[in-house]
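Visitor: Please take me through this structure one question at a time. Give the reasoning first and the result last.

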Amino acid sequence: MAKHVPQLFLKSVSVRFAAFDRPRRSNGIREFWRQIDSDSWRGKNGNLELSIQIHNYDESPVLGFELVDGQKIEMDVGNMTVKEIIADLTGRTRSLHYDLLMKGKPLPTSEEQEEQSSGAAKKKAKK
């Protein structure tokens, strides 16, 4: 079975937190934002839409995301660490991964995987 890559199952992500929030309450979502905006995450899903909303009123940090099957989820992530956020996200996307496998539907692939498979196909065609 292919390795589970949560980024591939995300269509869009929205990150919302207060600019002057208490560090303990918003550290997890700020670190999640940093990681999801990195080249390693973007390289796996170049079509991922990322929306950031930083406001100045007191509200718990919120992470919203839409999965490739259209499912929209919003989570209150106040006081969560980045590891807890990613673990929750991975659990939700793994569930979708298994559902797609059971239904026999194709799994989303990254641009890197597509390039590797098309490169391998081109090499076979040349032989």
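Guide: The questions below go from the overall fold to the core, two helices and some single residues.

Visitor: In what order do the elements of the chain run from the N terminus on?
Guide: This is a predicted model. The chain holds 4 helices and 4 strands. From the N terminus on, their order is β-α-α-β-β-β-α-α.

Visitor: Among contacts between residues at least 6 apart in sequence, what share joins residues at least 24 apart?
Guide: The chain has 127 residues, and 37% of them are buried. For contacts between residues at least 6 apart in sequence, the share that joins residues at least 24 apart is 71%.

Visitor: Which element gives the most to the largest nonpolar core?
Guide: In soluble globular proteins, nonpolar side chains tend to be buried together. Here the largest nonpolar core has 24 residues, and Leu 10, Val 13, Phe 32, Leu 63 and Phe 65 touch the most other members. At least two core residues come from each of strand S1 (10–18), helix H1 (23–36), strand S3 (62–67), strand S4 (72–76) and helix H3 (82–103). The element that gives the most, with 5 residues, is H3.

Visitor: Which residues is Phe 65 in contact with, leaving aside its neighbours within four places in sequence?
Guide: Phe 65 is among the residues that touch the most other members of the largest nonpolar core. Leaving aside neighbours within four places in sequence, the contacts of Phe 65 are Leu 10, Ser 12, Val 13, Gln 71, Lys 72, Ile 73, Met 75, Leu 89 and Arg 92.

Visitor: What arc do the buried residues of H1 cover around the axis?
Guide: An α-helix has 3.6 residues a turn, so residues three or four places apart point the same way. In H1, the buried residues are Arg 25, Ser 26, Gly 28, Ile 29, Phe 32 and Ile 36. They lie on the same side of H1, because the arc they cover around the axis is only 140°.

Visitor: Which residues are exposed on the other side of H1?
Guide: The buried residues of H1 pack against S1, helix H2 (39–44), strand S2 (49–55), S3 and H3. On the other side of H1, the exposed residues are Pro 23, Arg 24 and Arg 34.

Visitor: How far does H3 reach from its first C-alpha to its last?
Guide: H3 has 22 residues, and at 1.5 Å a residue the expected reach is 32 Å. The model is close to that expectation, with a distance from first to last C-alpha of 32 Å.

Visitor: Within what arc do the buried residues of H3 fall?
Guide: The buried residues of H3 are Val 82, Ile 85, Leu 89, Thr 90, Thr 93, Leu 96, His 97 and Leu 100. Their cover includes S1, H1, H2 and S3, while the face turned away from the buried side carries the exposed residues Lys 83 and Met 102. Seen down the axis, the buried residues line one face of H3, because they fall within an arc of 130°.

Visitor: Is Thr 93 buried or exposed?
Guide: Thr 93 has its place in helix H3. Not counting residues up to four places away in sequence, Thr 93 touches His 4, Pro 6, Phe 9, Leu 10 and Leu 67. The relative accessibility of Thr 93 is 0%, so Thr 93 counts as buried.

Visitor: How far apart are the ring centres of Phe 17 and Trp 33?
Guide: The structure holds 1 aromatic pair. Its planes are at 50°, so the pair of Phe 17 and Trp 33 is tilted. Phe 17 in strand S1 and Trp 33 in helix H1 are 16 residues apart, and the pair links distant parts of the chain. The ring centres of Phe 17 and Trp 33 are apart by 5.9 Å.

Visitor: What separates the C-alpha atoms of Pro 108 and Asn 45?
Guide: Pro 108 is in the loop between H3 and helix H4 (111–126). Leaving aside neighbours within four places in sequence, Pro 108 is in contact with Leu 8, Phe 9, Val 68 and Leu 100. Pro 108 and Asn 45 are 63 residues apart along the chain, and the separation of their C-alpha atoms is 9.3 Å.

Visitor: What is the phi of Asn 79?
Guide: Most residues other than glycine have a negative phi. Asn 79 lies in the loop between S4 and H3. Asn 79 is not a glycine, yet its phi is positive, at about 65°.

Key
Residues are numbered from 1 along each chain as its sequence is written. This is a predicted model: local features need pLDDT of at least 70, side-chain atom pairs count only at pLDDT 80 or more; totals for chains, interfaces and linings use all residues. Side-chain values use heavy atoms; hydrogens and water are left out. A nonpolar core is a set of buried Ala, Val, Leu, Ile, Met, Phe, Trp, Tyr and Cys residues joined through side-chain atoms within 4.5 Å. Buried means under 20% relative accessible area, exposed over 50%, partly exposed in between (1.4 Å probe, protein chains only). Contact means heavy atoms within 4.5 Å. Rings of Phe, Tyr and Trp (its six-membered ring) pair if their centres lie within 6.5 Å; planes under 30 degrees apart count as stacked, over 60 as edge-to-face and the rest as tilted. The arc is that of the directions from the helix axis to the C-beta atoms. The expected span of a helix is 1.5 Å times one less than its number of residues.
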